[in-house]
Amino acid sequence: MTAEGLIIKAISGAFYVQTPDAILPCKARGIFRKRGIAPVAGDRVRIEDDNIVEILPRKNELVRPKAANIDLALMTVSTVRPVPNTYVLDKLITVCEFKQIEPVIILTKTDLKTDDTFTDIYQNAGFTVIQTGKGIENREEILAVMKGKTSIFIGNTGVGKSTLLNRLFPDLGLRTAAISDKLGRGRHTTRQVELYPVPGGGYVADSPGFSSVELEAYEPIRKEELAGCFREFRPYLDGCQFADCSHRKEKGCAVLKAIDDGKISLSRHESYVMLYEEAMQIPDWQREDNRK
C-alpha cells in the first residue's frame with residue numbers, strides 16, 4: 001500500500017501518520033539516517049506499507065521544538081511568574097520571521113498585570129497580541145487566527161501553554177505542572193511535539209517549553225539579514241545614509257531616527273543589537289555548513 005500523509009507524532013523512532021483513511025504507525029527507512037535527516041511532526045510523507053519512504057519538500061523546519069511546515073507560532077508569554085523576557089521573545093520571533101512563520105503573541109495571566117507597556121511594544125511593532133486572564137474570554141479570537149493553519153504554541157516553561165490548550169481544547173487533556181515558587185519556573189511537562197486536529201480545520205502542536213534559546217541552534221541568521229527579521233525596521237532600511245548601515249550607531253541611520261521619533265521601541269532595538277553582536281561571532285564556515 002502506498003499513500004501520502006502527515007506525521008502527527010514522532011517519538012523514539014516511531015512515527016504516527018495521518019492518512020485520508022486512518023492513523024498509521026510507521027518506521028523510517030535507514031536511508032534517512034544515512035542522509036543525516038529525520039522525519040519530524042508536521043512533515044508530509046509518502047509511505048509504503050508501514051515504512052516512510054519519502055519526506056516531501058518542507059516549507060520550514062524548527063530544531064527546538066522539532067517540527068516542520070509550521071504556519072503560525074503562538075508565543076505564550078506570562079505577565080508574571082515568570083515575567084516577560086523581551087530579549088528571549090524577540091530572539092524567537094526573529095527565527096520565526098526568518099522562516100516565514102507568523103508570530104502571534106498570547107499574553108497570559110493578564111488579570112495580574114499592572115500596565116500595558118509590553119502589549120504596546122508588540123502591537124506597535126505590527127504583531128497580533130491576544131490577552132487572556134483566569135478564563136479563556138478570547139477563545140474565539142485565538143481559534144480564528146488558527147483556522148486552517150498548522151500552529152505551534154511556544155514559550156518558557158511555566159507560562160501556561162498546556163493550561164491554555166486545555167481550555168481551548170478540553171478534549172486534549174494535556175498534562176500540566178505546578179510552578180516552582182523557589183525557582184519561579186515550571187517543570188517540563190511536554191516531552192515531544194504532537195499535532196492535534198482542531199475544529200474548523202488545521203492542526204495545533206503542543207511543544208516542550210524552553211528556558212533559553214540559542215539562535216544558532218535553529219539556523220544561523222547572517223547579521224546582514226537580521227534587520228529584515230524585525231518587521232518594524234523594514235520601512236526604514238532603504239533610508240539610511242550608508243548602504244552597509246548596521247542600524248546600531250551609525251550617522252544617518254533611518255532606523256535610529258525612527259526610534260528617536262517614537263516609531264520603533266527602544267526595547268526591540270536593544271534586542272536587535274544583542275542579536276547582531278551574537279551573529280558577528282558566528283564564523284562564516286559555520287553559517288554555510290548549517291544551511292546545507
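Buried here means under 20% relative accessible area. Keep that cut-off at hand for the tour, and remember that what you have open is a predicted model.

**Stop 1: the annotated site**

Select C253. With a relative accessible area of 6%, C253 falls under the cut-off, so it is buried. You'll find C253 in the loop between helix 7 and helix 8. Which residues does C253 touch, once neighbours within four places in sequence are set aside? Its contacts are C240, C245 and H247. Now compare that with the record: UniProt, in an unreviewed entry, puts the feature "binding site" at C240, C245, H247 and C253.

Add H247 to the selection. H247 also sits in the loop between helix 7 and helix 8. Is H247 buried or exposed? Its relative accessible area is 7%, so H247 is buried. Leave out the neighbours within four places in sequence again, and the contacts of H247 include C240, C253, H269 and Y272. A227, L237, V255 and L256 are also among the contacts of H247.

**Stop 2: the rings around Y272**

Y272 leads on to the aromatic residues. Show F230, F233, Y272 and Y276 as sticks: ring pairs link these four into a cluster. The structure has six aromatic pairs.

Zoom in on F233 and Y272. A pair of aromatic rings is described by the distance of the centres and the angle of the planes. For F233 and Y272 the centres are 5.2 Å apart and the planes stand at 70°, so this pair is edge-to-face. Why does the pair tie together parts that are 39 residues apart in sequence? Because F233 belongs to the loop between helix 7 (223–226) and helix 8 (254–260), while Y272 belongs to helix 9 (residues 266–280). F233 has a relative accessibility of 0% and so counts as buried, and Y272, at 1%, is buried too.

Color helix 9 while you're here. Its 15 residues should span 21 Å at 1.5 Å a residue, and the end C-alpha atoms are 21 Å apart, which agrees. Buried residues in helix 9 include H269, Y272, V273, L275 and Y276.

For another aromatic pair, jump to Y122 and F127. Those rings are tilted, at 6.3 Å centre to centre with 50° between the planes. Both Y122 and F127 are buried.

**Stop 3: helix 2**

Select residues 86–98, which make up helix 2. How many of its 13 residues are buried? Eleven are, so helix 2 is largely enclosed by the rest of the structure. Buried side chains to click through include Y87, L89, L92, I93 and C96. D90, K91 and E97 are buried in helix 2 as well.

Measure end to end if you like: 13 residues at 1.5 Å each should span 18 Å, and the end C-alpha atoms are 18 Å apart, which agrees. At the start of the helix, look for a side-chain oxygen of N85, which comes to within 3.2 Å of the backbone nitrogen of Y87. After the helix comes Q100, with a positive phi near 60°.

**Stop 4: strand 9 and its partners**

Carry on to residues 102–108, strand 9. Six of its seven residues are buried, so this strand is largely enclosed by the rest of the structure. Show strand 8 (residues 72–78) next: strand 8 and strand 9 run parallel and are joined by seven bridges. Within that pairing, L74 is opposite V104. Strand 9 also pairs with strand 10 (residues 128–131), again in the parallel sense, over four bridges. There, L107 has Q131 as its bridge partner.

**Stop 5: strand 4, face by face**

Finish on residues 44–48, strand 4. In a regular strand the side chains alternate between the two faces of the sheet. Which side chains of strand 4 point to the buried face? V45 and I47 do, while R44, R46 and E48 point to the other face and are not buried.

Now bring in the partners. Strand 1 (residues 2–11) pairs with strand 4 in the antiparallel sense over five bridges, and A3 is opposite I47. Strand 5 (residues 51–55) also runs antiparallel to strand 4, with four bridges joining them, and here E48 is opposite N51. Two residues lie between strand 4 and strand 5 in this hairpin, and D49 takes a positive phi near 55°.

Conventions
Residues are numbered from 1 along each chain as its sequence is written. This is a predicted model: local features need pLDDT of at least 70, side-chain atom pairs count only at pLDDT 80 or more; totals for chains, interfaces and linings use all residues. Side-chain values use heavy atoms; hydrogens and water are left out. Buried means under 20% relative accessible area, exposed over 50%, partly exposed in between (1.4 Å probe, protein chains only). Two strands pair if DSSP finds at least two bridges between them. Rings of Phe, Tyr and Trp (its six-membered ring) pair if their centres lie within 6.5 Å; planes under 30 degrees apart count as stacked, over 60 as edge-to-face and the rest as tilted. UniProt positions are given in the numbering used here, feature names are shortened, and annotations may be inferred rather than shown by experiment. Contact means heavy atoms within 4.5 Å. The expected span of a helix is 1.5 Å times one less than its number of residues. A polar contact is a pair of N or O atoms within 3.5 Å; within protein, one must be able to donate a hydrogen and the other to accept it, and residues adjacent in sequence count only if both atoms are side-chain atoms.
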